[in-house]
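Dear colleague,

Please find below the sequence and structure that I am handing over to you. My findings follow directly after them.

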Amino acid sequence: KHSYISGTSLDQLQAVKNFDDHLRSFLLRYITQIEEECRTLTGYKFDEINNNGEISWYSTDAYSSDRTLQEKMSVISKAYSELSKSQLDYVSFYMNNHKQIPTWIMIKVINFSTFINIIQYSKKEVSHSLCQLYNLEDETGLPNVKLLIGSLHWMRRIRNSCAHNERVYCITRKSEKGARTGRIIEKYFSLLSPGYRRNKEQKIFDLIVYFKYYLPISEYKYFIQELKIMLVDLQSKIHPHAFEYVRGQIGIRNLSDLDTLLIL
């Protein structure tokens, strides 16, 4: 059985579909930009702290001493496997003409999830440098690695949905008891209304908050303006109850919260 809000028309269903299509390409553009920048910076820092590349990425000595040998071997093995399956010309060139693959190529080619693992298992200087650059700090001013890893994982999840043409406005990850999933209550959530702190589900709004760390101020302002235009346009085309439902699925409690987030 399908249940529709009273007064729903095909035009309104089409308006929601068009909004989601636009939202998908809109978010994907920013996620890929941030992903590329993080990969480049990680590769640079990874080599820098490993004697400027003298300790190669496929050596367990290049990773944190806090990690087990099995964890380090696992991430190296995954990176090797993904490199060997790559059809890119420059990967083939290095495979055929050199004795090793440079760190920057490995970081560029591996899957997003493997890249996040590389950050997790690397020496702490790698994750801490990214936290410092993007001002990802906890309440005591220390590098918030949990926020770094959690935000990148949520970007990865949404990016995959966008890339596979899935519906994205209602994407949600529930907080499971005892699991490291769900909303990360960082400083901006703490400054918004209490409802954001009570709701532990990750939604598109969480991504909007994370972008505030990763994007320059001018770009973030443009991002918020474009998002508001899309939402106001949708609001004018569908039933008020339907718009409230879509807004809630995105995780926005009030449209004015976007302005509040911008000026925090």
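Of the 264 residues of the chain, 44% count as buried. Please bear in mind that this is a predicted model. The accessible surface of the chain amounts to about 14,500 Å², and carbon and sulfur atoms account for 49% of that area. Taken along the principal axes, the C-alpha atoms fill a box of roughly 65 × 45 × 40 Å.

As to secondary structure, the chain has 13 helices and zero strands. Where residues at least 6 apart in sequence are in contact, 64% of these contacts join residues at least 24 apart.

Aromatic pairs

The count of aromatic pairs comes to 18. In one of them, the ring centres of Tyr-134 and Tyr-214 are 4.7 Å apart and the ring planes stand at 50 degrees, so the pair is classed as tilted. This pair links distant parts of the chain, 80 residues apart: Tyr-134 is in the loop between helix H6 (124-133) and helix H7 (145-163), while Tyr-214 belongs to helix H10 (residues 204-214). Tyr-134 counts as buried, at 6% relative accessibility, and Tyr-214 counts as buried at 4%.

Tyr-188 and Tyr-213 form another pair, with ring centres 5.1 Å apart; their planes are at 55 degrees, so this pair is tilted. Tyr-188 lies in helix H8 (residues 187-191) and Tyr-213 in helix H10, so the pair ties together parts of the chain that are 25 residues apart in sequence. The relative accessibility is 12% for Tyr-188, which counts as buried, and 7% for Tyr-213, which also counts as buried. The ring of Tyr-188 has a further partner: the charged end of Lys-212 sits over this ring, 5.3 Å from its centre.

An aromatic cluster is also present, formed by Phe-26, Tyr-30, Phe-211, Tyr-220 and Phe-223.

Salt bridges

Side chains of opposite charge can pair when their charged atoms come close. The structure holds 12 salt bridges, and three of them are described here.

The side chains of Asp-206 and Arg-183 meet in a salt bridge, at 2.7 Å from N to O. Asp-206 lies in helix H10 and Arg-183 in the loop between H7 and H8, so this salt bridge ties together parts that are 23 residues apart in sequence. Asp-206 is buried, with a relative accessible area of 0%, and Arg-183 is buried as well, at 9%.

Two further salt bridges belong to helix H1 (residues 10-49). Glu-35 pairs with Arg-39, their closest N and O atoms being 2.8 Å apart. Because Glu-35 and Arg-39 are four residues apart in helix H1, about one helical turn separates them. Glu-35 counts as buried at 7% relative accessibility, and Arg-39 is buried with a relative accessible area of 9%.

Asp-20 forms a salt bridge with Arg-24, in which the closest N and O atoms are 2.9 Å apart. Both residues lie in helix H1, four residues apart, or about one turn of the helix. Asp-20 is buried, as is Arg-24. Asp-20 and Arg-24 are also part of a network of salt bridges that links them with Lys-17 and Asp-21.

A nonpolar surface patch

What forms the nonpolar patch on the surface that has about 360 Å² of accessible area? The residues are Tyr-4, Leu-10 and Leu-13, and the area is their accessible area together. Leu-10 is found in helix H1. Its relative accessible area is 71%, and since the cut-off for exposed is over 50%, Leu-10 is exposed.

Points to view together

When you open the model, helix H10 may serve as a starting point, since it holds Tyr-214, Tyr-213 and Asp-206. Helix H1 may be examined next, with the salt bridge between Asp-20 and Arg-24, the salt bridge between Glu-35 and Arg-39 and the exposed Leu-10.

Yours sincerely

Technical notes
Residues numbered from 1 in each chain as written. Predicted model: local features only at pLDDT ≥ 70, side-chain atom pairs only at ≥ 80, totals over all residues. Heavy atoms only, no water. Phe/Tyr/Trp six-rings, centres within 6.5 Å; stacked < 30°, edge-to-face > 60°. Helix = DSSP H or I, 4+ residues; strand = E, 2+ residues; numbered from the N terminus. Buried < 20%, exposed > 50% of the residue type's maximum accessible area, 1.4 Å probe, protein only. Lys NZ or Arg CZ within 6 Å of the ring centre and 35° of its normal. Patch = residues over 30% accessible without salt bridge, like charges linked within 9 Å, V, L, I, M, F, W, Y side chains within 5 Å. Areas by Shrake-Rupley, 256 points an atom, 1.4 Å probe, with all protein chains shown as cover. Salt bridge = Lys/Arg side-chain N within 4 Å of Asp/Glu carboxyl O. Contact = heavy atoms within 4.5 Å.
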